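Visitor: I am new to this one and would like a guided look. Could you show it to me and begin with a single strand?

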Amino acid sequence: MPGYSWTGSAWKKVLRKTMWTGTAWKDIKSSHRWTGSAWETIYSSFTPVGMLKSGSSSTVSSGSLKLVTGMVADPAFPGSTVTSNGVTILQSKSDATITMSANCTNNFTTTVTVAAYKNGVQIGTALTRTGGSGTFTITGSVTGAAVTAGDVITMMASAANGTTTINVADTFLNVT
């Protein structure tokens with residue numbers, strides 16, 4: 001739905017959130033209001049993206065973190081693009097939240113580590129959980145992450161010993 005903005009001499013039809021600075025039109029990236037105790041975002045031009053595991057389960061083994069494969073664009077986040085198991089950031093944001101979840105199955109007790117990577121470099125603190133034989137889910141977030149349009153975010157995982165199966169159900173990564 002278009003809006004209208006006064007330029008000082010005439011009304012201008014605008015199709016996106018813009019403001020007249022007195023000399024030029026400027027896109028508004030976000031707006032906030034004070035609630036009395038914290039700033040609340042009213043509008044943000046940041047488009048959240050996400051990916052989820054599809055197809056079949058995959059395994060990770062002891063040693064260094066390995067890429068979680070089988071990731072596809074999450075339909076709950078329109079516009080998400082996944083290439084080589086990584087989701088591409090559409091707009092920059094200085095304080096993004098990266099939420100991860102990995103559903104794991106073990107045949108023995110082990111500690112599983114899951115981490116988010118931005119362009120091949122770990123971002124934030126890895127999530128860890130020790131589980132016995134059976135299935136469990138590791139879920140958590142990295143907050144305050146700086147992301148830039150074009151960055152690729154991937155999920156990596158490892159087991160402290162042996163191998164762990166990363167299941168399709170409840171395995172995802174979102175950037176909001």
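Guide: Certainly. This is a predicted model, and strand β8, residues 58-61, is a good place to begin. Its side chains alternate: Ser-58 and Val-60 point to one face and are buried, while Thr-59 and Ser-61 point to the other face and are not buried.

Visitor: Which strand pairs with β8, and over how many bridges?

Guide: β8 pairs with β18 in the antiparallel sense, over four bridges. Within that pairing, Thr-59 has Thr-165 of β18 as its bridge partner.

Visitor: What does Thr-163 touch, leaving out residues up to four places away in sequence?

Guide: Thr-163, which lies in strand β18 (residues 163-166), touches Val-60, Ser-61, Asn-106 and Phe-108. Its C-alpha atom is separated by 6.4 Å from that of Ser-62, although the two residues are 101 apart along the chain.

Visitor: Is Thr-163 buried, partly exposed or exposed?

Guide: Thr-163 is partly exposed, because its relative accessible area of 43% falls between the cut-offs of 20% and 50%.

Visitor: You mentioned Asn-106 among its contacts. Where is that residue found?

Guide: Asn-106 is found in strand β13. It is buried, with a relative accessible area of 2%. Its side chain is joined to that of Thr-164 by a polar contact of 2.7 Å. Beyond its neighbours within four places in sequence, Asn-106 touches several residues, including Val-112, Gly-131, Ser-133, Phe-136 and Thr-163.

Visitor: And Ser-133, buried or exposed?

Guide: Ser-133 counts as exposed, because its relative accessibility is 60% and the cut-off for exposed is over 50%. It lies in the loop between β15 and β16. Ser-133 and Asn-107 are 26 residues apart in sequence, yet 4.6 Å apart in space from C-alpha to C-alpha. Apart from neighbours within four places, Ser-133 is in contact with Asn-106, Asn-107, Phe-108 and Thr-109.

Visitor: Let us step back. How many helices and strands are there?

Guide: The protein has zero helices and 19 strands. Of its 176 residues, 33% are buried. Among contacts between residues at least 6 apart in sequence, 66% join residues at least 24 apart. The protein exposes about 9400 Å², and carbon and sulfur atoms supply 53% of that area.

Visitor: Now β14, please. How many of its residues are buried?

Guide: Seven of the nine residues of β14, which covers residues 110-118, are buried, so the strand is mostly covered.

Visitor: Which strands does it pair with?

Guide: β14 is joined to β15 (residues 121-131) by eight bridges, and these two run antiparallel. It also pairs with β17 (residues 152-159) in the antiparallel sense, over seven bridges. Val-114 has Leu-127 as its bridge partner in β15, and Ala-115 stands opposite Met-156 in β17.

Visitor: What lies between β14 and β15?

Guide: The two strands form a hairpin with two residues between them, and Asn-119 in the turn has a positive phi of about 55°. Most residues other than glycine have a negative phi. Ser-84, in the loop between β11 and β12, also has a positive phi, near 50°. Another positive value belongs to Asp-170, with phi near 65°, in the loop between β18 and β19.

Visitor: What about the largest nonpolar core, and which residues have the most contacts inside it?

Guide: That core has 29 residues, and those with the most contacts inside it are Ile-98, Met-100, Val-114, Ile-153, Leu-173 and Val-175. The elements that each give it two or more residues are β7, β13, β14, β15, β16, β17 and β19.

Visitor: What is Ile-153 in contact with, apart from its sequence neighbours?

Guide: Leaving aside residues within four places in sequence, Ile-153 is in contact with a set that includes Met-51, Val-87, Ile-89, Ile-98, Tyr-117, Val-147, Leu-173 and Val-175.

Visitor: One last residue, Thr-154. Why does it count as buried?

Guide: Thr-154 counts as buried because its relative accessible area is 12%, under the 20% cut-off. It is found in strand β17 and, beyond residues up to four places away, touches Met-51, Leu-67, Asn-85, Gly-86, Ala-115, Ala-116, Tyr-117 and Leu-173.

Terms used:
Residues are numbered from 1 along each chain as its sequence is written. This is a predicted model: local features need pLDDT of at least 70, side-chain atom pairs count only at pLDDT 80 or more; totals for chains, interfaces and linings use all residues. Side-chain values use heavy atoms; hydrogens and water are left out. Buried means under 20% relative accessible area, exposed over 50%, partly exposed in between (1.4 Å probe, protein chains only). Two strands pair if DSSP finds at least two bridges between them. Contact means heavy atoms within 4.5 Å. Accessible areas come from the Shrake-Rupley method with a 1.4 Å probe; for residues, only the protein chains shown count as cover. A nonpolar core is a set of buried Ala, Val, Leu, Ile, Met, Phe, Trp, Tyr and Cys residues joined through side-chain atoms within 4.5 Å. A polar contact is a pair of N or O atoms within 3.5 Å; within protein, one must be able to donate a hydrogen and the other to accept it, and residues adjacent in sequence count only if both atoms are side-chain atoms.
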